[in-house]
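This report walks through one protein chain, from its overall build to a single helix and then to two residues in loops. Please keep the sequence and the 3D view at hand while reading.

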Amino acid sequence: MSEQGASVYSASKTARDEFPDYDVTVRGAVSIGRRLMDPLAELVKIDPKSIGVGQYQHDVDQNKLKKALDQTVESCVNLVGVNLNTASSHLLTYISGLGPQLAQNIVDYRTENGAFDSRKALMKVPRMGAKSFEQCAGFLRIPGAKNPLDNTAVHPESYCIVEQMAADLKCTVAELIADKELRRKINISDYITPAVGLPTLQDIMQELDKPGRDPRKAIKVFEFDKNVRTLNDLREGMILPGIVGNITNFGAFVDIGIKENGLVHLSEMAERFVSDPTEVVSIHQHVMVKVIGIDAERKRIRLSMAGVPQE
């Protein structure tokens, strides 16, 4: 699990508000642990620039960079959606239609009244207007809600479409979601109206196939070589798993599980000519590398990917 940005979070106002009685080392450790459970919910608390977004991030206009990164984070949060009953106020601020004050009002209401049992209950939150509800409702999920559609990306204004589909098949919405054979009987063209087009209906059907779907791919388990813990454990010819930590114009630095990172020079990235490292690797990519040189005195490691099978 990457530790990037943990120290920045541990000293931030957000961390102090969450853990006022803990010191920075404990806050940082908690942040790293929570990334395993819900990386998106935790990483949004950290300024994206602190995680490392490129070799030249300090050479560009910082205001434009911040704006672009904030837009990217907001896009990711809205694409995945958040659990309304567990999301922090900081995470909620990235949801369309919710500002800092309204996000805090949601958390305060949840603390005072208990978990939300429906999206409609959001309208009881102070300062939650019809427009804000319209913008945010589809991105907020409620696992275990009375209405199963409250845990999907189907917007409340489209619930009537799904309910009509269920009625036409003489079943409940829950049965429609649970039974794939029932859904196959639906001809979505029958539900096209001047207000509801084919793309909307296709999105609804995708949600019914996998309610509350998370577009993120399943995490791939990664382990460093357990026999390599220090520079002294390395031997030329070793094939090791690694993670690309940084990319430069002359190659890529790879974390192989010890204090020192190794360099895969541009000429060692493939058995063909490579003019740009990004043709072969990307930040945080898992790779297999071969140790081709060790300079213990200068603590430098030369690695190669040329001819090394990649998983």
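## Overall build

The protein chain holds 13 helices and seven strands, and the model described here is a predicted one. Its C-alpha atoms, taken along the principal axes, fill a box of roughly 75 × 50 × 40 Å. The radius of gyration of the protein chain is 24 Å, whereas a compact globule of 311 residues would have a value near 19 Å.

Of the 311 residues in the protein chain, 37% are buried. Among the contacts with a separation of 6 or more, 50% are made by residues that stand 24 or more positions apart in the protein chain. The accessible surface amounts to about 18100 Å², and carbon and sulfur atoms account for 53% of that surface. As to charge, the protein chain carries 38 positive and 41 negative side chains, and the centres of these two sets lie 1 Å apart.

## Helix H8

Helix H8 covers residues 100–113, and because a helix should advance 1.5 Å a residue, its 14 residues should span 20 Å, a value with which the 20 Å between its end C-alpha atoms agrees. The buried residues of H8 are Leu-102, Ala-103, Asn-105, Ile-106, Val-107, Tyr-109 and Arg-110, a list that can be traced along the helix in the 3D view. Which helices do the buried residues of H8 pack against? They pack against helix H7, residues 89–92, and helix H9, residues 130–136. After H8 comes Gly-114, a residue whose phi is positive and near 90°.

## Two lysines with positive phi

Lys-170 and Lys-299 each have a positive phi although neither is a glycine. The table sets out the phi of each residue beside the loop in which that residue is found.

| Residue | Phi | Loop between |
|---|---|---|
| Lys-170 | about 55° | helix H10 (159–168) and helix H11 (173–178) |
| Lys-299 | about 55° | strand E6 (286–295) and strand E7 (300–304) |

Is Lys-170 buried or exposed? With a relative accessible area of 77%, Lys-170 is exposed, because a residue counts as exposed when that area is over 50%. Lys-170 thus combines a positive phi of about 55° with an exposed position in a loop between two helices, while Lys-299 lies in a loop between two strands.

How values were computed: Residues numbered from 1 in each chain as written. Predicted model: local features only at pLDDT ≥ 70, side-chain atom pairs only at ≥ 80, totals over all residues. Heavy atoms only, no water. Helix = DSSP H or I, 4+ residues; strand = E, 2+ residues; numbered from the N terminus. Expected span 1.5 Å × (residues − 1). Buried < 20%, exposed > 50% of the residue type's maximum accessible area, 1.4 Å probe, protein only. Contact = heavy atoms within 4.5 Å. Rg over C-alpha atoms; globule rule 2.2 N^0.38 Å. Areas by Shrake-Rupley, 256 points an atom, 1.4 Å probe, with all protein chains shown as cover. Lys, Arg positive; Asp, Glu negative; His and termini not counted. Charge placed at Lys NZ, Arg CZ, Asp CG, Glu CD.
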